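Hi,

Here is the structure I promised to send over. Have a look at it first, then read on for what I found in the helix packing.

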Amino acid sequence: MKQTPFAWKQVIGFGLGVLRLSPDAFWRMTPRELSYAIEAVTGVTDGPFERADFEGLMRLFPDR
């Protein structure tokens, strides 16, 4: 069974860009805490965080 690599770029971008976490706060979060934060913002409650979801959030919450 082939595993897909973890989407670090998207997760870090979401944590730092959308959630506006400091790098220290981001790296101190547990995977479960980060998952709950992503669910709270996106409404997505199951499955992996998809690129299309991330791009939609980037359009809604652009970096300034």
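A quick definition before we start: a crossing of two helices is called left-handed if the near helix is turned anticlockwise from the far one by less than a right angle, and right-handed if it is turned clockwise. Keep in mind, too, that this is a predicted model.

With that in hand, take helix 1 and helix 4: their crossing is left-handed. Their axes come within 11 Å and cross at roughly 30°. Angles under 35 degrees count as roughly parallel, so helix 1 is roughly parallel to helix 4. Which residues meet here? On the helix 1 side you'll find Gln10, Gly13 and Phe14, and on the helix 4 side Arg51, Phe54 and Leu57. By type, the residues of this contact split into three nonpolar, two polar and one charged.

Now for helix 4 itself, which covers residues 51-60. Phe54, Gly56 and Leu57 are buried there. Why do they end up on the same side of the helix? Because they cover an arc of only 160° around the axis. Turn to the other side of helix 4 and you get Ala52 and Arg59, which are exposed. As for what the buried residues of helix 4 pack against, that would be helix 1 (8-18) and helix 3 (31-42).

Helix 1 also packs on helix 3, with the axes 11 Å apart and an angle of about 65°. Since 65 to 115 degrees counts as roughly perpendicular, that makes helix 1 roughly perpendicular to helix 3. This crossing of helix 1 and helix 3 is left-handed. Helix 1 brings Val11, Phe14 and Val18 to the contact, while helix 3 brings Leu34, Ile38, Val41 and Thr42. Sorted by type, that contact has six nonpolar residues, one polar and no charged.

What is buried in helix 1? Gln10, Val11, Phe14, Gly15, Gly17 and Val18. The buried residues of helix 1 pack against helix 2 (23-28) as well as helix 3 and helix 4. Phe14 is a good one to click on when you open the model: this buried residue turns up in the contact with helix 4 and again in the contact with helix 3.

One last thing, on the backbone: just after helix 1, arginine 20 takes a positive phi of about 60°.

Cheers

Notes:
Residues numbered from 1 in each chain as written. Predicted model: local features only at pLDDT ≥ 70, side-chain atom pairs only at ≥ 80, totals over all residues. Heavy atoms only, no water. Buried < 20%, exposed > 50% of the residue type's maximum accessible area, 1.4 Å probe, protein only. Helix = DSSP H or I, 4+ residues; strand = E, 2+ residues; numbered from the N terminus. Arc of directions from axis to C-beta. Contact = heavy atoms within 4.5 Å. Axes fitted to C-alpha atoms, helices over the stretch in contact; angles between N-to-C directions. Parallel < 35°, antiparallel > 145°, perpendicular 65-115°, else oblique. Nonpolar A, V, L, I, M, F, W, Y, C, P; charged D, E, K, R; others polar.
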